[in-house]
2 protein chains.
Amino acid sequence: MKRPTLKEVAQLAGVSTATVSNAINDKKYVRSEVKEQVYSAMQALNYQPNTIAKSLRKQESRIVGLLISDVANPFFASVARGIEMELAANDYNVLLCNTDSSVEKEREYLEGLIGKRIDGLIVSSAGNTGDYFRSMEETGVPIVFLNRCPQFMNCDVILTNNTRGAYDATEHLIRHGYNRIAIITGPTSLSTGKDRLTGYRRALEDYGISEQDALVKEGRFDIESGYEKMKELLEQEYKPDAVFVSNNSMTLGGYKYLKEKEISIPDQLAVIVFDDPDWAELVDPPVTSVRQPTYELGVQAAKLMMASIKDRKTKHDIMYMDPALIVRQSCGCPADH
Amino acid sequence: MKRPTLKEVAQLAGVSTATVSNAINDKKYVRSEVKEQVYSAMQALNYQPNTIAKSLRKQESRIVGLLISDVANPFFASVARGIEMELAANDYNVLLCNTDSSVEKEREYLEGLIGKRIDGLIVSSAGNTGDYFRSMEETGVPIVFLNRCPQFMNCDVILTNNTRGAYDATEHLIRHGYNRIAIITGPTSLSTGKDRLTGYRRALEDYGISEQDALVKEGRFDIESGYEKMKELLEQEYKPDAVFVSNNSMTLGGYKYLKEKEISIPDQLAVIVFDDPDWAELVDPPVTSVRQPTYELGVQAAKLMMASIKDRKTKHDIMYMDPALIVRQSCGCPADH
DNA sequence: ATCCATCATTTAATCGATTAAATAAACAAA
DNA sequence: TTTGTTTATTTAATCGATTAAATGATGGAT
């Protein structure tokens, strides 16, 4: 029950606590003979150094906070995996926090994390300004913003090139000859929502197609709104002949509606979606999608974090990862070529 | 950069550190007038209590370790979400560890977690004996085993009733009249793999069907083996007329093969799968599945954990959650009824 | 006037490590 | 012999909170 302390190890080994510490941490000036004594004392007592005490003294927790809306979203799950892998390789642990996209919860977690003296924070914020991250930034704790870019902050940001992804998807639909291309977009308060809409618009513009208000539906990046918006699109007077769905959850909802109504893809409606679902090739026709390098996104976020922590670098960048258009058949492309 | 300490707050407020501590933690015997002084001193300095120091003194970290093979697996992602929600409600944080099903990594993480003095561990172990969890158990840290049941341990276990789920699926196929029912099972070294196979066997037995070795394929619970095993089943002499795929990843792989070869479901092969994919209703025909209450599983695991931590209860249970057979059409059932 | 209980606050030890500074020993150089 | 350098180890302070025990007030009961 009670765990042995370094002091007890020292007593058993017949040396001072300083020597034990030096032995454990492989500092110089410890005779190998003494080292052996210390090691066997550790063995004998089954000693496990208390990281909390170490953290207090060294002023570092070796913990990085991860603040996301929901690990159950495959995008975040994959990102989280990448982050955790990379950080673990550097001997850092990840504290997982799900905010449900609630700014209020974000605040609460943040306060807790500050208290926990995390060494860094990787966050995909639901807020658009990020003002309440200031308190953390001021204490010198590095922050990496992931896929959401708050304004006015001096920290690293890593983003999928959302505008580009949306542009490519839209352009692909345009080239197929569709001229009533709809978008189910996310909240424009989020940079992801805004950027994907921008990419869509820019493509239309570049090809001289005027945007139709009726074809732009703003969802909430969740399943329900995906369903709703798809329904609206297909029940309204002015129907689209193609649609770009701007995230995975809304795709799930949107497809549910299409299946229920037995809408034929791509004949009645061509579809391209953002985020490449694991089932993309299992449905008929296979789904054309914009794939984000999710795992890599996590790994890179973690690398930026490690650089900030270790090198104490204060110059920060914004890093873009390119998404890839995975052409399958829901857009109207033939199966073989 | 340097953060204010309780001591500095005390100085500014003109009281002792003990009083500040009492004020913060709402102990009795602090005059409300003094409390106000303390609060405003905290405000003025933007004081955030150092949880690490608190943890050291109170001998509790308020952190629970979560040891799973991979958060990117939707099953674990959902479970993790449930756990985190419930623990957060009790003011505990979750430290996320992905082991990749490697016993070696499990060991390493475990050692780190012991050092970190986590207050509890929720684990879905890849090992079958769990002997190396002994060291943690001995220190009095409660462990909840999730979905995998190690032998010989005195701790809580929460499981989906895997045997039942597999039995129900197999029985359903039998009642459809299929008589060459295959299973793509997981490693039998894992209780999940073993139990699902047991359920399958029991159903066959109960209905007087003799098991055919050629129809039992042991995969590794991953996408690749799902593909392989499905391929084996359909390329061999003795082909099945129905198959039960025993987890989500193998389902993904198995379906990939079926799609490639344009196997018609359920005519050429009826299918029931373990774990209800989010795309179950989007493919044609919709997939009949055994759904585990994943989120609930997480919530319950966390509740067991909280009970162990708070009540210091030493009597431990094994808790079963019932899966549900979601009947759709891949098993051969008609669409409407 | 004395004693006691209750309320309010302070003093100082404590949690378990790290680490700067002090000390000691061994040996070489002048 | 004295001085200095390098190696090896110990002493004691420190990180920032909590908390048991000590101390001071205050007021009521006897």
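**Exercise 1. Cis peptide bonds**

Task: In this predicted model, find where A:Pro285 is located, and describe the peptide bond that leads into A:Pro285. Then do the same for B:Pro266.

Solution.
1. A:Pro285 sits in the loop that joins strand E9 (270-274) to strand E10 (288-291) of chain A.
2. The bond from A:Asp284 to A:Pro285 is cis, and its omega is near -5°.
3. In chain B, the loop between helix H11 (248-260) and strand E9 (270-274) contains B:Pro266.
4. The bond from B:Ile265 to B:Pro266 is cis, with omega near 0°.

**Exercise 2. A positive phi**

Task: State what is notable about the phi of A:Arg62 and place the residue in chain A.

Solution.
1. Most residues other than glycine have a negative phi.
2. A:Arg62 is not glycine, yet its phi is positive, near 55°.
3. A:Arg62 belongs to the loop between H4 and strand E1 (63-68) of chain A.

**Exercise 3. Two helices that cross**

Task: Which term describes the arrangement of H2(A) and H3(A): parallel or perpendicular? List the residues that make the contact.

Solution.
1. Helix H2 (residues 17-24) and helix H3 (residues 32-45) of chain A have axes that come within 10 Å and cross at roughly 90°.
2. Angles of 65 to 115 degrees count as roughly perpendicular, so H2(A) is roughly perpendicular to H3(A).
3. From H2(A), the contact uses A:Thr19, A:Val20, A:Ala23 and A:Ile24. From H3(A), it uses A:Val34, A:Lys35, A:Val38, A:Tyr39 and A:Met42.
4. Sorted by class, the residues of this contact are seven nonpolar, one polar and one charged.

**Exercise 4. An annotated segment**

Task: Describe residues 4-58 of chain A by secondary structure and by the distance between the ends.

Solution.
1. An unreviewed UniProt entry lists these residues of chain A as "domain: HTH lacI-type".
2. Over residues 4-58, chain A is 69% helix and 0% strand.
3. The end C-alpha atoms of the segment are 21 Å apart.

**Exercise 5. The cavity**

Task: How many cavities of 30 Å³ or more does the structure hold, and which residues are closest to the centre of the largest cavity?

Solution.
1. The structure holds one such cavity.
2. The volume of the largest cavity is about 210 Å³.
3. It is lined by 14 residues, and A:Ile52, A:Ile63, B:Ile52, B:Ile63 and B:Lys116 are the closest to its centre.
4. Helix H4 (51-58) of chain A and helix H4 (51-58) of chain B each supply at least two lining residues.
5. The lining consists of six nonpolar, six polar and two charged residues.

Key: Residues are numbered from 1 along each chain as its sequence is written. Chains are lettered from A and ligands numbered from 1 in the order in which they are written. This is a predicted model: local features need pLDDT of at least 70, side-chain atom pairs count only at pLDDT 80 or more; totals for chains, interfaces and linings use all residues. Side-chain values use heavy atoms; hydrogens and water are left out. Axes are lines fitted to C-alpha atoms, for helices over the stretch in contact, and angles run from 0 to 180 degrees between N-to-C directions. Helices (H or I, at least four residues) and strands (E, at least two) are DSSP runs, numbered from the N terminus. Angles under 35 degrees count as roughly parallel, over 145 as roughly antiparallel, 65 to 115 as roughly perpendicular and the rest as oblique. Contact means heavy atoms within 4.5 Å. Ala, Val, Leu, Ile, Met, Phe, Trp, Tyr, Cys and Pro count as nonpolar, Asp, Glu, Lys and Arg as charged, and the others, Gly among them, as polar. On a 1 Å grid over the protein atoms alone, a cavity is a set of points where a 1.4 Å probe fits but cannot get out, and a pocket is an open set with protein on both sides within 12 Å along at least five of seven lines; lining residues have an atom within 4 Å of a point. Grid points are joined across faces, edges and corners, and a volume is the space filled by probe spheres set on the points. UniProt positions are given in the numbering used here, feature names are shortened, and annotations may be inferred rather than shown by experiment.
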